[in-house]
Amino acid sequence: MSRDDLIQKLIELASKRFGKPASEMKAGDDFFQTLGIDSYQAMELMTDLEDALDVEIPDYELQGVTTFDKLADVIETRL
Amino acid sequence: MTEHVTQNGVGTSATAAPERTVAGPATPNVVPLSTRLGAWQARLLRTGVAKRATRLVRDLAPFAGALLDGAPRPAVRLDVPPTDFIGRAMRWSLRGDALEVDLCRTPCNEIGTTALAELELLATLVRAGAVGARALIFYSSVDRGFCAGADLRELHEGLLARADEGGLLGRLRTAHEVRGFIDRIHAVFDTFDMAPITTIAATHGFVFGGGFELALTCDVIVADKSTRFAFPELRLGLVPGFGGIPRLRRDVGNAVVRDVLLTGRSISAKRAHEVGLVSQLVGRGKALGVARKVAEQAARFDPETTARAKAFSKPLPRAELAREKDLFLEMIASPVVAAALRKFVESDDVRPYLP
């Protein structure tokens, strides 16, 4: 999976979970602000990502990660 | 509806509390003949007032037997909580063969003094036979999850209040109160752990800290796919204090225990299932339904067989539990904990639950 494909996949999963059109989200968007999500919803998104991509994402690696491209950086190391 | 007084508050029972009952043999002699009361009953029986004598002795036995003869008190259930209960942190009712406990306090069933008082009431009911239930199911009707752990805001406020008192007295009172809380929660969790019936945690969302420890007391964890388990205590400068480490060690290998404990990271239900922590992995929103099926199946077996199988396969790690408790109590007084709690309470992080 290329990096662009991965970022697109992350955006699609976030779109599916929170109902915001994927076309309105970009790689550099702060997903907490864009999606207006809280801690519980962030955890739900993380669980979705782990399921869909068959990876484990330790939460401590997500400290400070707020954009889709940074999230892709974390996940790429585990694919 | 009737009110039912708990240690720290008043809950409401949907049905009246059970009447006083006296457990005793069905034969006319309700106390042993060897006792003075028993001999008195036998004399009355011989003189032809059998029915009245039996009633009188049965009524008096629980109160007078021990006083007259120094014998153990008969099994009198004067303080058994109601079968159906609606409290501030939880409610429970008997459904079929299962006693179902709904954790229902927002934001996410944090365990503070209110929840503990109601858990103690539940533990009393379980110790008294769980109203004949063959299974006990814990679940949450709160969206965010099963239970996010100890009530850190309450703990922070308690520590602040004692800090205001200052000096040695304040520190001693803090230590005394925290030990009291921890002793009580251990007593309750040990009761659930050793209950001679099948206990099931039906989980979703956050199962963190004390919530994870509650789930670990259960025989079977049925987790829906949204569940995440974590011990974030190290973030607070603490170790889990409700028996989490020994109970987790009982169920899974050290690689998992140390990973979860020392990184504070959360693991998904899928991962927890893979490592043997979760018994049944189910779709989102399906955990309670599956837990009820587990309870139905458990109820088909002979109760004594179930109790013996459980006692054999799930011994209580008493020594380790005691050591964990001591370690927690040593650490709670640390300034690191006070600072971490203050940071948590004052945080405006959108992810305050995440380690």
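Which residues in helix 1 of chain A meet which residues in helix 4 of chain A? The first legend answers this for the predicted model, and the others turn to chain B.

**View 1. Contact of helix 1 with helix 4 in chain A of the predicted model.** From helix 1 of chain A, the residues A:Arg3, A:Leu6, A:Ile7, A:Leu10 and A:Ile11 meet A:Phe68, A:Asp69, A:Leu71, A:Ala72, A:Ile75 and A:Glu76 of helix 4 of chain A. Sorted by class, this contact comprises eight nonpolar, no polar and three charged residues. Helix 1 spans residues 3-18 and helix 4 spans residues 68-76, and their axes come within 9 Å and cross at roughly 115°. Helix 1 of chain A and helix 4 of chain A are therefore roughly perpendicular to each other. The crossing of helix 1 of chain A past helix 4 of chain A is right-handed.

**View 2. Surroundings of A:Gln8 in helix 1 of chain A.** A:Gln8 is partly exposed, because 17 other C-beta atoms lie within 10 Å. Between A:Gln8 and A:Thr77 the separation is 69 residues in sequence and 17 Å in space, taken from C-alpha to C-alpha.

**View 3. Antiparallel pairing of strands 3, 4 and 5 in chain B.** Strand 3 (residues 85-86) of chain B runs antiparallel to strand 4 (residues 90-95) of chain B, and two bridges join them. B:Ile86 has B:Arg91 of strand 4 of chain B as its bridge partner. Three residues form the hairpin connection from strand 3 to strand 4 of chain B. Strand 4 of chain B is in turn joined by six bridges to strand 5 (residues 98-103) of chain B, again in an antiparallel arrangement. Here B:Trp92 has B:Val101 in strand 5 of chain B as its bridge partner. The hairpin of strands 4 and 5 of chain B has two residues between the strands, and B:Gly96 adopts a positive phi near 65°.

**View 4. Open four-stranded sheet of chain B with helix 6 packed on it.** The strands follow the order 7-9-11-12, with mixed pairing. Strand 7 (145-147) and strand 12 of chain B are at the edges and have a single partner strand each, so one side of each lacks a neighbour in the sheet. Strand 9 (residues 206-208) and strand 11 (residues 228-230) of chain B run parallel and are joined by three bridges. Within this pair, B:Val207 lies opposite B:Phe229 of strand 11 of chain B. Helix 6 of chain B packs on the sheet and touches strand 7, strand 9 and strand 11 of chain B, its direction making about 90° with that of strand 9.

**View 5. Packing of helix 6 against helix 7 in chain B.** The axes of helix 6 (residues 210-217) and helix 7 (residues 244-251) of chain B are 9 Å apart, and the packing angle is about 45°. The two helices of chain B are therefore oblique to each other. Helix 6 of chain B passes helix 7 of chain B in a left-handed crossing. B:Phe212, B:Glu213, B:Leu216 and B:Thr217 of helix 6 meet B:Gly244, B:Arg247, B:Leu248 and B:Asp251 of helix 7 of chain B. This contact contains three nonpolar, two polar and three charged residues.

**View 6. Environment of B:Ile267 in strand 12 (residues 267-268) of chain B.** B:Ile267 is buried, because 25 other C-beta atoms lie within 10 Å. Apart from neighbours within four places in sequence, B:Ile267 is in contact with B:Arg228, B:Phe229, B:Val260 and B:Ala272. B:Lys325 is 58 residues from B:Ile267 in sequence and 24 Å from B:Ile267 in space, C-alpha to C-alpha.

How values were computed: Residues numbered from 1 in each chain as written. Chains lettered and ligands numbered in written order. Predicted model: local features only at pLDDT ≥ 70, side-chain atom pairs only at ≥ 80, totals over all residues. Pairing = 2+ DSSP bridges. Axes fitted to C-alpha atoms, helices over the stretch in contact; angles between N-to-C directions. Parallel < 35°, antiparallel > 145°, perpendicular 65-115°, else oblique. Left-handed = near helix turned anticlockwise from the far one by under 90°. Contact = placed C-beta atoms within 7 Å. Nonpolar A, V, L, I, M, F, W, Y, C, P; charged D, E, K, R; others polar. Buried ≥ 20, exposed ≤ 12 C-beta atoms within 10 Å, placed from the backbone.
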